[in-house]
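User: I have some questions about the empty spaces in this model and the terms used for them. Please take them one at a time.
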Amino acid sequence: MAAGPVATRFTGVHRPSVDPQRLAMALSGWDIQANRALVSSPSAATLSFICQQEASLRSTARVVLGASAVTGHSDSLQFEAYARPALEGSQLGWARQARDWSLMSPRRSTALPPEPLQAAALELRAATREITHNDGTMATPDVVASRLDVGKAALNVQSHLASSVGIAHAVRQAGQDPDLAVFSQGAKQVMQREGLVSQQSLLVANVLQSNKTIRMPGELRVLMDSQGSRTLDLSKHAHSTTARLLTSTTSPPTETSGAKKPAVTAHERLMSLSRSKSVTSGPSR
């Protein structure tokens, strides 16, 4: 009788079940389409769509980098103390912008994001969910590590975090376009929530009641610029924190021994170089 399948536990040896290139290609495709959309007079709906996707990617980054830390590819204490809080803060910043731009999106079909951007987002969601989800719930670090090389996936995610700094900057710039049309009642909601009282004619009662689109009032542009600046700072912090996490990474477990090679410090490299020079130059005369 043939033996049945034997359950195995993750031991540091990667047995990928997910195409290792799919995540990298999906992230690259998203970066390209997001930047293209942001340089072509984007609508409030496009800004909301991009911000929402970026917020979702912070959740993916936490799962992948968390799996990298738990499975010994990076320092778990550093991840919990610095990288995770930075990613959570960045996610909140992107989510807040997504919510406000959504409120201000004109209610008509022409406000939909560009089709190539939507297609890139769909592929990215598919690529990330096959890594981060398991039967409708978030996958455990061991499950994530059994699906792909988490060391390489962590580098792909961190590369996007670098790209997202540029996306955050472009979103902030796009929000300052004086010709950007916004939904009048949504603009009023955002301004009232922030305690802004506008005396501008664009927000008089008859305009609000007719659900028209308007140009952004000056006070609202200042508010969204402040939000964009905050999200940009949080994105920079998330990028720098995860970069430090990965540059301090020790070598991943090997298939033969399962042991991790100790990281070489800068001092040890200098000492090695000094010894090498002394050997090659010979004794002084």
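User: What makes the lining of the largest cavity nonpolar, polar or charged by class?
Analyst: In this predicted model, the lining of the largest cavity has 5 nonpolar residues, 1 polar residue and no charged residues. The lining consists of Leu27, Leu57, Ala61, Val157, His160 and Leu161. Leu, Ala and Val count as nonpolar, whereas His falls among the polar residues because it is not on the nonpolar or charged list.

User: Why is this space called a cavity?
Analyst: The name applies because a 1.4 Å probe fits at its points but cannot get out. The search of the whole structure finds 1 cavity of 30 Å³ or more, and the volume of the largest cavity is about 30 Å³.

User: Which elements supply at least two residues of that cavity lining?
Analyst: They are H2 and helix H6 (150–174). H6 gives the most, with 3 residues.

User: Why is the other space called a pocket?
Analyst: A pocket is an open set of points with protein on both sides within 12 Å along at least five of seven lines, so the term differs from a cavity, where the probe cannot get out. The largest pocket has a volume of about 150 Å³.

User: How do you know which residues line the largest pocket?
Analyst: A residue counts as lining because it has an atom within 4 Å of a point. For the largest pocket this gives 13 residues, with Ser56, Thr60, Thr128, Arg129 and His133 nearest its centre. Helix H2 (44–70) and helix H4 (115–132) each give two or more residues to that lining, and H2 has the largest share, 6 residues. By class, the pocket lining divides into 3 nonpolar, 8 polar and 2 charged residues.

Key:
Residues numbered from 1 in each chain as written. Predicted model: local features only at pLDDT ≥ 70, side-chain atom pairs only at ≥ 80, totals over all residues. Heavy atoms only, no water. Points joined across faces, edges and corners; volume = space filled by probe spheres on them. Helix = DSSP H or I, 4+ residues; strand = E, 2+ residues; numbered from the N terminus.
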